[in-house]
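Subject: Structure for you to look at

Hello,

Here is the structure I said I would pass on. Please have it open while you read the notes underneath.

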Amino acid sequence: FFLASSNEQSTIYKSAQPLEGTWQVAVEKLQQPVYDPAFFKDDDNRLYLYWGCSDKNPIYGVEIDYKNHFAFIGQPHELIHANPAMYGWEVPGDNNTLADRHPWIEGAWMTKHNNRYYLQYAGPGTESRSYADAVYVSDQPMGPFTLQPHNPFVAKPKGFATGVGHGSTFADHFGNLWHMG
């Protein structure tokens, strides 16, 4: 299944052979458009959708009924709001100095590890060297979430390739955690 970003209409595509480029529409239109979407399937086979990419709106999440055309189960939840006054890494700018601007938070990604849920997001915006990923933690896939003590957990403000935000963390076949950013 594939779901792209859209502010107008979110369509889910499916393929048994994605590398061959053969795709079909699985769901013509989600209940609402989502931008920067990420699916997460839990150990109990429940499916969740996380999204958000805005300098005004939060990161959202909702449980999805994939057996019923990917219908939302309930209303979307506001999970993470930007708070640059409290979290300096969310302040825009190469050196986090543009306090008069609102940060963009985006790139939601869920990882489950040792029965804890880690919801990561990127900020303060792709144009900044300070672009990084931070993490909130919960015992449930829809929260409530609390800020992990060490944030941002991935950052690279110096060097040739900077701004490593908007990544994803996953476990390999050996249980090692990796971050792709």
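The notes below go through the salt bridges, a pocket, a sheet and a buried strand.

Please keep in mind that this is a predicted model.

Salt bridges

The structure holds five salt bridges. Three of them are described here.

Start with Lys112, which forms a salt bridge with Asp42; the closest N and O atoms are 3.0 Å apart. This pair links distant parts of the chain, since Lys112 lies in strand E9 (residues 105-113) and Asp42 in the loop between strand E4 (38-41) and strand E5 (47-51), 70 residues apart. Lys112 also forms a salt bridge with Asp43, again with 3.0 Å between the closest N and O atoms. Asp43 is in the loop between E4 and E5 too, 69 residues from Lys112.

How accessible are the partners? Lys112 is partly exposed, with a relative accessible area of 24%. Asp42 has a relative accessible area of 6%, so it counts as buried. Asp43, at 63% relative accessibility, counts as exposed.

Another salt bridge is formed by the side chains of Asp55 and Lys56, at 3.2 Å from N to O. Asp55 is partly exposed, at 23% relative accessibility, while Lys56 counts as exposed at 67%. Returning to the earlier residues, shared partners join Asp42, Asp43 and Lys112 into one network of salt bridges.

The largest pocket

The largest pocket has a volume of about 170 Å³. It is lined by 13 residues, and the closest to its centre are Asn7, Tyr35, Trp51, Asn57 and Tyr60. Which classes of residue make up the lining of the largest pocket? Seven are nonpolar and six are polar, and there are no charged residues.

A four-stranded sheet

Four strands form an open sheet in the order E4-E5-E7-E8, with antiparallel pairing. Why is one side of E4 and of strand E8 (71-80) left without a neighbour in the sheet? Both stand at the edges, and each has a single partner strand, so nothing in the sheet pairs with the other side. Neighbouring strands of this sheet are turned by 25° against each other on average, direction ignored.

Within the sheet, strand E7 (residues 59-65) and E8 run antiparallel and are joined by six bridges. To find one position in E8, look for Ile73, which stands opposite Glu63.

In general, strands of a sheet pair through backbone hydrogen bonds, and the pairing is either parallel or antiparallel.

A buried strand

Strand E11 (residues 132-138) is largely enclosed by the rest of the structure, because seven of its seven residues are buried. In a regular strand, side chains alternate between the two faces of the sheet. In E11, Ala132, Ala134, Tyr136 and Ser138 point one way, while Asp133, Val135 and Val137 point the other way, and all are buried.

Which strands pair with E11? Strand E10 (residues 116-123) pairs with E11 in the antiparallel sense over seven bridges. E11 is also joined to strand E12 (residues 146-147) by two bridges, and these strands run antiparallel as well. Val137 is a useful residue to locate in E11: Tyr118 stands opposite Val137, and in E12 the bridge partner of Val137 is Thr146.

Regards

Key. Residues numbered from 1 in each chain as written. Predicted model: local features only at pLDDT ≥ 70, side-chain atom pairs only at ≥ 80, totals over all residues. Heavy atoms only, no water. Salt bridge = Lys/Arg side-chain N within 4 Å of Asp/Glu carboxyl O. Buried < 20%, exposed > 50% of the residue type's maximum accessible area, 1.4 Å probe, protein only. 1 Å grid on protein atoms, 1.4 Å probe; cavity = no way out; pocket = protein on both sides within 12 Å on 5 of 7 lines; lining within 4 Å. Points joined across faces, edges and corners; volume = space filled by probe spheres on them. Nonpolar A, V, L, I, M, F, W, Y, C, P; charged D, E, K, R; others polar. Pairing = 2+ DSSP bridges. Axes fitted to C-alpha atoms, helices over the stretch in contact; angles between N-to-C directions.
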